[in-house]
Amino acid sequence: MSVTPTPEQQAIADYPLRPLRVTAGAGTGKTTTMALRLAALIRREGIAPEEALGITFTNKAAEELADRLRLHLHELAAEGRQVEVTTYHGFAYGLLAEFGSLLGGERGVGVVTPGYARQLLREALGAGPRLALDLTSPGARVDELAGLAGRLGDHLLAPGDLLREGATDGDEVAARRAEMAAALAAYAERKQELGLVDYADLIARGHRLLSGHPEVAERLRARYRVVLLDEYQDTNPAQRELLRLIFGAGFPVTAVGDPDQTIYEWRGASLENFAAFPNHFPEEDGTPAATLTLSYNRRSSSRVVELANLVRARIGRRSDLDRLRPLPDAPPGDLEAAWFHNAVDEAAFIARRLVELHDSGETAWRDIGVLFRRHREIGLVRQALEQQAIPVEVASLGGLLEVPEVADLHAWLSIIGRPDDDASLMRVLLGAHYRLGLGDLAPLAAWRLRPRPPEDEPALRRAMLEAFDHLDECSGLSTEATGRLERFRGTHRRLLEEAQGTSLVELCRRVLDATGAWPEIEALGDAARLSARLNLYRFLDLAEAWSPLEGAPSLDAFLDYLELLAADGAADELDTARVSGEDAVVLLTVHRAKGLEWPVVVLPALCQGTFPGEAHTLEDPLAHPQFLPDHLRLDRDWLPDLPDDAGERKEIVRQRHQDQEWRTAYVAVTRAKRHLVLTGAFWYGGKKPKEPGPLLALAMQAGARQAAAAVDPGLAPETLRLDPGTGDPDPFFPAGWRAALRAAVADPTFPARLAEETGSTANFVAAAARLAGLLKGLPEALPDLAGTAPFRTTVTGLVTFASCPLRFHWSAVDRLPRHPAPQLRHGIELHRRIELHNRGGLPLEEAEEALYDFAAGEGHGSAGDPFAAFRASRFAARPPLLVETPFELAIGETRVAGRIDAVYEDPDGAWEVVDFKSGRLRLDPARRVQLEAYAVALAEAGFTEPAPTRTRVTFAYLGGGRLQEAGEEVTEAWLDDARRHLADLATRAAAGERRATPGESCLDCDFARFCPDGSAWLAAHPG
Ligand code: SF4
């Protein structure tokens, strides 16, 4: 071997055969040092290689350590003698395989993959009534459940330990945690039936075995004479306790790690393990074990090391390492910082810079890693690199799903597994393979909206895919479009059949074959072809790994899993980075990059709140049921006390999170060998510009060169799409497209005038003529369904019409774009939760988006948790007679569709129709239309036999922290008035009335900015 050990490495190799902790800073040659120590002990102490054991975290790390040991002990390796190297889980698995029979029938267990474990968890969650848990987002609930399952295992706990905790009345978090524990108990039973264990079970069972059978530990101590524990900072308390049972009393254990690189605290790693190692694994006489350090960074240039030290200083609870030192002969290297106006400029800069570095001849593509804190930032940079013909390998799964070839395959899987996924269907049909246009699909969309025959299930919406069984009924299809649609139908049907009993990976391959993906990829240029291949192979690996040990894999569960991967955070937990070694720039998240290194590293999106980032969910067990109460944790003495005051508590857990973010930043910076590029920008979307993050400031402090420094955030860019021309101001639309569109809506003569002003009238006239020709060429307007097509609207539509006919016209007839309103989402979410409560928990499969009568502004003024107000209300404990019941009313020639939230029956046979609102009590005459429609529907729609003795209609407002009601008794005279009022509104709406009636509804109207009447009313009523 040609390695010349530093004095620090030599001291560790020479340390006697006693317990030892090694604090190894980033890039200090930890693996080499471990190999040196083991080799030295084997030679010095006469230990046979078979009497040494190395344990590390991943299979990849185990292979690396074994390789390094073979190099250092090459004479012994040549004789076929080598040190046993395994992983922490592999060690526990080996224990059970060898001694499991002592626990009774535990030998030969199968280990469930994380993907299949999620499938089982999903089944367990949907198996029982879950009243406290919100099951309307099954992917998120399964994720939380998987997190709680892992945390129980990390602390040697079982679901029963949580169930015994109980829940006091009104403690919603504890109630949800108890339901999660019940689901985990069902999950445990199911694993038992299948003869499976998960990773947490392996450690727990190993611990049980050793606790009940000390003779097993005795035999292991006799088998090994020295043990090395690698990456010890990432171990959890359960692993530590298992190891202590064997090697805790003076055994010569060497633990190596770097607490400053503990970035997996959220998945179980305990800072206490490394910090308290000297006491957990003391000398034979009980004195704490010694500590030696590795502080010379052998990887990075001196400027990178300097920056790493500045970052490390920001970690609150850091290691006792003095400071990371560069090697005396380390090159200075290059630090570069750049700040841009927007993410597009930033991505374009990164691409240009990488081309320069590559073209200089010193840097191969594979020498470059671009590391992101969140995978959602990967897409734009990937596109910019692809535009410059740079081969890329997306090694983080979250970013992988956005790669076009992978997104197409994902869309096909979705169509096969979820026939109602219209978005995926549109992606496939409009994509390069079928090349259909929106005009081609209009007849299908129209077929979908046709009324169903009465014998069909009542439903307001059909899946677009259904239209493919009725292509002959879709009038207006061109011959060419029909041919392509039939081709799609044939492929889809064949794949549907083949999906039965086929493994996921095989199904993926068949989709790729059937859609001609491979020949298309072959036709790409070199860089794009390599990128597409690498990324598709990575996805196929994922599908392969998903296949369960038993039974057919559920495509639906796999699709759930992909959804989860698309969410930041979860992907880091589920993902494993595999870098192919091909000559491509690697794009991945920092968490995936741990243990890897590149000569050139780029860190984009270094903004305030992004990196170091804010937590999505702070680890507060009093606020979130997926976290364990501190008193149950094995490392409770190490944790700061959590006060009852929510604000103080938040500060403590936020600080913990910030420490972890700075450790992640430390890992990111120390991946670079010679050149580190740090970038960011003001605009990544959103309404407010970002500020430069503290990492950029530290880089400048460390002497970074400033490659670009935008100073004025100016206005938000209209789009954040890559377009080589977007940097130049548009000479025709100097104020931007959006402003021009607004001007054209307000004044239809504006485009012609603008053309004249800019001297482009001829072009304008030609373009207008071309557009007119195109419009003419569109399929004929749909037939009038035998001339009887009624005017259709919804109850919400009528409410809108009652408030302002012009608003109705713009939102339902001649639709204009509207802002997504968060309060609408909250309202829908509340309705879902109430529906689930009323139904006693829906099977997960049914928890899909439904149509709710929900007018804009309903969530206005909500305070507190409206669902909590519902649960405290008189309705929570009453089983409703009808829940979320759809109806369609015939009012003259108009059809009005709606949905009643709930109908309750009193003991005397009186009915109460209730509409829940997430906002505060608001007396708006237009809203009354809703009550009128429900009462008339109840009387006429045919589901009220026998008729109620009395009827009452009630608005239940839940947004003020408690129930507030507004209701009316329904009498015959009331009903007659209601019918007249509804008929008047429906007739006027059908006649196309679009009169503006400004008033309070302008306050939350999306169109107020360009509606002259609305703007005038708002100006006259400030505040
Ligand atoms: S701004 Fe007011 S007047 Fe104008 S469309 Fe909206 S609600 Fe009607």
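Student: In this predicted model, is the crossing of helices H1 and H2 right-handed or left-handed?

Tutor: The helices concerned are H1, residues 7-14, and H2, residues 30-45. The model is predicted, and in it the crossing of H1 and H2 is right-handed.

Student: Which residues of H2 make the contact with H1?

Tutor: On the side of H1, the contact is made by Gln9, Ile12, Ala13 and Asp14. By class, the contact of H1 with H2 has four nonpolar, two polar and three charged residues. The residues that H2 contributes are Thr33, Leu36, Arg37, Ala40 and Arg44.

Student: At what angle do the axes of H1 and H2 cross, and which word describes that arrangement?

Tutor: Two packed helices are described by the angle between their axes and the distance between the axes. Here the axes of H1 and H2 come within 8 Å and cross at roughly 40°. Angles under 35 degrees would count as roughly parallel. With the crossing at roughly 40°, H1 is therefore, relative to H2, oblique.

Student: How many residues apart in sequence are the parts tied together by the salt bridge of Arg225 and Glu51?

Tutor: The side chains of Arg225 and Glu51 meet in a salt bridge, with 3.7 Å from N to O. Arg225 lies in the loop between helix H11 (214-223) and strand S6 (226-229), whereas Glu51 lies in the loop between H2 and strand S2 (52-56). The pair therefore ties together parts of the chain whose separation in sequence is 174 residues.

Student: To which accessibility class does Glu51 belong?

Tutor: Its salt-bridge partner Arg225 has 30% relative accessibility and counts as partly exposed. Buried means under 20% and exposed over 50%. Glu51 has 24% relative accessibility, so Glu51 counts as partly exposed.

Student: Which helix holds both Glu356 and Arg353?

Tutor: Glu356 forms a salt bridge with Arg353, the closest N and O atoms being 2.8 Å apart. The two residues are three positions apart, about one turn of the helix. The element that contains both Glu356 and Arg353 spans residues 343-359 and is helix H16.

Student: Is Arg353 buried or partly exposed?

Tutor: Glu356 has a relative accessible area of 46%, and so is partly exposed. For Arg353 the relative accessible area is 15%. Because the limit for a buried residue is under 20%, Arg353 is buried.

Student: Which residues are linked with Glu356 and Arg353 in a network of salt bridges?

Tutor: A search of the whole structure finds 50 salt bridges, and one of them joins Glu356 to Arg353. That pair belongs to a network of salt bridges whose further members are Asp334, Glu336 and Arg705.

Student: What is the N to O distance in the salt bridge of Asp635 and Arg633?

Tutor: Asp635 is buried, and so is Arg633. Their side chains meet in a salt bridge, with an N to O distance of 3.0 Å.

Student: Which peptide bond is cis, with omega near -5°?

Tutor: Most residues other than glycine have a negative phi, and most peptide bonds are trans. Pro612 is placed in the loop between strand S15 (598-603) and helix H29 (646-669). The bond that is cis, with omega near -5°, runs from Phe611 to Pro612.

Student: What value does phi take in Leu156?

Tutor: Leu156 is placed in the loop between helix H7 (138-154) and helix H8 (159-165). At 24% relative accessibility, Leu156 counts as partly exposed. Its phi is positive although Leu156 is not a glycine, with a value near 55°.

Student: Is Glu231, whose phi is positive, buried or exposed?

Tutor: Glu231 is not a glycine, yet has a positive phi of about 50°. Its place is in the loop between S6 and helix H12 (237-247). With a relative accessibility of 18%, Glu231 counts as buried.

Student: What distance separates the C-alpha atoms of Phe99 and Val216?

Tutor: Phe99 lies in helix H5, residues 88-99, and is buried, with a relative accessible area of 5%. Not counting residues up to four places away in sequence, Phe99 touches Leu209, Val216, Arg219, Leu220 and Arg223. Phe99 and Val216 are 117 residues apart along the chain, and their C-alpha atoms are separated by 7.6 Å.

Student: What percentage of the residues of the chain count as buried?

Tutor: The secondary structure of the chain comes to 40 helices and 23 strands. Among contacts with a separation of 6 or more, residues 24 or more positions apart account for 77%. Of the 1023 residues of the chain, the portion that counts as buried is 50%.

Note on methods:
Residues are numbered from 1 along each chain as its sequence is written. This is a predicted model: local features need pLDDT of at least 70, side-chain atom pairs count only at pLDDT 80 or more; totals for chains, interfaces and linings use all residues. Side-chain values use heavy atoms; hydrogens and water are left out. Axes are lines fitted to C-alpha atoms, for helices over the stretch in contact, and angles run from 0 to 180 degrees between N-to-C directions. Helices (H or I, at least four residues) and strands (E, at least two) are DSSP runs, numbered from the N terminus. Angles under 35 degrees count as roughly parallel, over 145 as roughly antiparallel, 65 to 115 as roughly perpendicular and the rest as oblique. A crossing is left-handed if the near helix is turned anticlockwise from the far one by less than a right angle, and right-handed if clockwise. Contact means heavy atoms within 4.5 Å. Ala, Val, Leu, Ile, Met, Phe, Trp, Tyr, Cys and Pro count as nonpolar, Asp, Glu, Lys and Arg as charged, and the others, Gly among them, as polar. A salt bridge is a side-chain nitrogen of Lys or Arg within 4 Å of a carboxyl oxygen of Asp or Glu. Buried means under 20% relative accessible area, exposed over 50%, partly exposed in between (1.4 Å probe, protein chains only).
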